[in-house]
Amino acid sequence: MTHDPSTNPLIDGQERTALRSAVAAFAKHHANDKTDELWAEAGKLGYLGVNLPEEYGGGGGGIAELSIVLEELGAAGCPLLMLIVSPAICGTVIARFGTEEQKRAWLPGLADGSKTMAFGITEPDAGSNSHRITTTARRTPDGGWLLTGRKVFISGVDISDATLIVGRTEDARTGKLKPCLFIVERGAPGFSYRHIPMELAAAEKQFEVVLDEVPLPAEALVGDEDAGLLQLFAGLNPERIMTAAFALGMGRYALAKAVEYARVRQVWKEPIGAHQAVAHPLAQAHIEVELARLMMAKAAHLYDAGDDAGAGEAANMAKYAAGEAAVKAVDQAVHTLGGNGLTAEYGLAKLVTAARVARIAPVSREMILNFVSHQTLGLPKSY
């Protein structure tokens, strides 16, 4: 599905402003809810599936709208990491490339939150190099597949009904392996997962997934077997845009806490926020967050308009800028509060680790710099 900004009512500026205000109010009211309760309530209100087609229970919007939802939830201190994975990556891929049966089986549930889907691409030995993925699928005599491999740092497998797995199949013409996407339900024989302990305060856990000769029906394949790379990147661009939204929400949340503290905290004659050594770094962090928001909006606009190539460049830049801005905003917020910035009462210290995730995942800042230097600037590769 190609999002048409000329006909969709959610693209109107007033509609987006209303969406942002509604989600902000919702998030403020539900900030203390448990993650599963927050997810369920957001699903009932239509926020989780705002980017999915209306004919399958979604809001008919695009990644621009979904990024608003995640950003505002994060700005209120209750980000939903699975928004990046379930409706943004998996929902987008199925909506654009899935069969009618796959769309009807999964999209309504992804839209209302009654179903969730994880995304499995990262492997222990492949890292950011998707061309080195070794998870392979081979045909069976009955037309199905056997999937074998291992994935790491897969979010939310324990709470997901299925995982969209990036594997590779052999091209009968060339003998080379090509990427393909498969829907693997959690209870499938040979599908297992193990929790990876993380020094990260997040409700969603990380897992290693093992695929040991997992039997899959023919209809588990998503889209065209010969268009796997196109379909893969159709999911990765929204992932980068939504990671930017995740980071920006976090940065806004940290800055709001710091500004509030600097406005009332009084050590000498004036509140500490009156001192330029405190005020200017906060102002600079705010500017960088706002600049990153502009690039995220550009990336979402290009993607929703169907410009995958332009969106790829902008999505990488947005993710880079948002990650850097979030790390700086969190660091400055903690520093503004001094010792209080490390207490559980103010809830900022846990963001020091969380903010770095946007620099590392789903692709490192260095790989984004490689992308820009090669694809945008035309410089030669070193690898």
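**Exercise 1. Proline 362 and its peptide bond**

Locate proline 362 in this predicted model, and state the geometry of the peptide bond that leads from alanine 361 to proline 362.

*Solution.* Step 1: place the residue. Proline 362 sits in the loop that runs between α9 (349-360) and α10 (365-376). Step 2: read the omega angle. For the bond from alanine 361 to proline 362, omega is near -5 degrees, and the bond is cis. Step 3: set this against the general pattern. Most peptide bonds are trans.

**Exercise 2. Two residues with positive phi**

Determine in which strands phenylalanine 153 and glutamate 213 lie, and decide whether phenylalanine 153 and glutamate 213 are buried, partly exposed or exposed.

*Solution.* Step 1: find the strands. Phenylalanine 153 belongs to strand β3, residues 145-155, and glutamate 213 belongs to strand β7. Step 2: read the backbone angles. Phenylalanine 153 is not a glycine, yet its phi is positive, at about 55 degrees. Glutamate 213, also not a glycine, has a positive phi of about 55 degrees. As a general pattern, most residues other than glycine have a negative phi. Step 3: apply the cut-offs, where partly exposed covers the range between under 20% and over 50% relative accessible area. Phenylalanine 153 has a relative accessible area of 46%, so it is partly exposed. Glutamate 213 has 31% relative accessibility and therefore counts as partly exposed.

**Exercise 3. The surroundings of glutamate 123**

Describe where glutamate 123 is found, and identify the polar partners of its side chain.

*Solution.* Step 1: place the residue. Glutamate 123 is part of the loop between β1 (117-120) and β2 (136-139). Step 2: judge its accessibility. Its relative accessible area is 4%, so glutamate 123 is buried. Step 3: list the neighbours. Leaving out residues up to four places away in sequence, glutamate 123 touches Arg132, Ile133, Thr134, Thr135, Arg150, Lys151 and Val152. Step 4: pick out the polar partners. The side chain of glutamate 123 reaches the backbone nitrogen of threonine 134 at 2.8 Å. With threonine 135, the contact is between the two side chains, at 2.6 Å.

**Exercise 4. The surroundings of alanine 220**

Establish whether alanine 220 is buried or exposed, and name its contacts beyond four places in sequence.

*Solution.* Step 1: place the residue. Alanine 220 lies in the loop joining β7 (206-216) and β8 (221-222). Step 2: judge its accessibility. The relative accessibility is 5%, and alanine 220 therefore counts as buried. Step 3: name the contacts. Beyond its neighbours within four places in sequence, alanine 220 is in contact with Gln102, Leu181, Phe182 and Ile183.

**Exercise 5. The chain as a whole**

Decide whether the chain is as compact as a globular protein of its length, and summarise its content of helices and strands.

*Solution.* Step 1: count the elements. The chain has 10 helices and eight strands. Step 2: compare the radius of gyration with the globule rule. The radius is 21 Å, close to the 21 Å given by the rule for 383 residues, so the chain is as compact as a globular protein of that length. Step 3: consider burial and contacts. Of the 383 residues, 51% are buried. Among contacts between residues at least 6 apart in sequence, 70% join residues at least 24 apart. Step 4: examine the surface and the charges. The chain exposes about 17,700 Å², of which carbon and sulfur atoms supply 54%. There are 36 positive and 45 negative side chains, and the centres of these two sets lie 6 Å apart.

Terms used
Residues numbered from 1 in each chain as written. Predicted model: local features only at pLDDT ≥ 70, side-chain atom pairs only at ≥ 80, totals over all residues. Heavy atoms only, no water. Helix = DSSP H or I, 4+ residues; strand = E, 2+ residues; numbered from the N terminus. Rg over C-alpha atoms; globule rule 2.2 N^0.38 Å. Buried < 20%, exposed > 50% of the residue type's maximum accessible area, 1.4 Å probe, protein only. Contact = heavy atoms within 4.5 Å. Areas by Shrake-Rupley, 256 points an atom, 1.4 Å probe, with all protein chains shown as cover. Lys, Arg positive; Asp, Glu negative; His and termini not counted. Charge placed at Lys NZ, Arg CZ, Asp CG, Glu CD. Polar contact = N/O pair within 3.5 Å; in protein donor to acceptor, adjacent residues only side chain to side chain.
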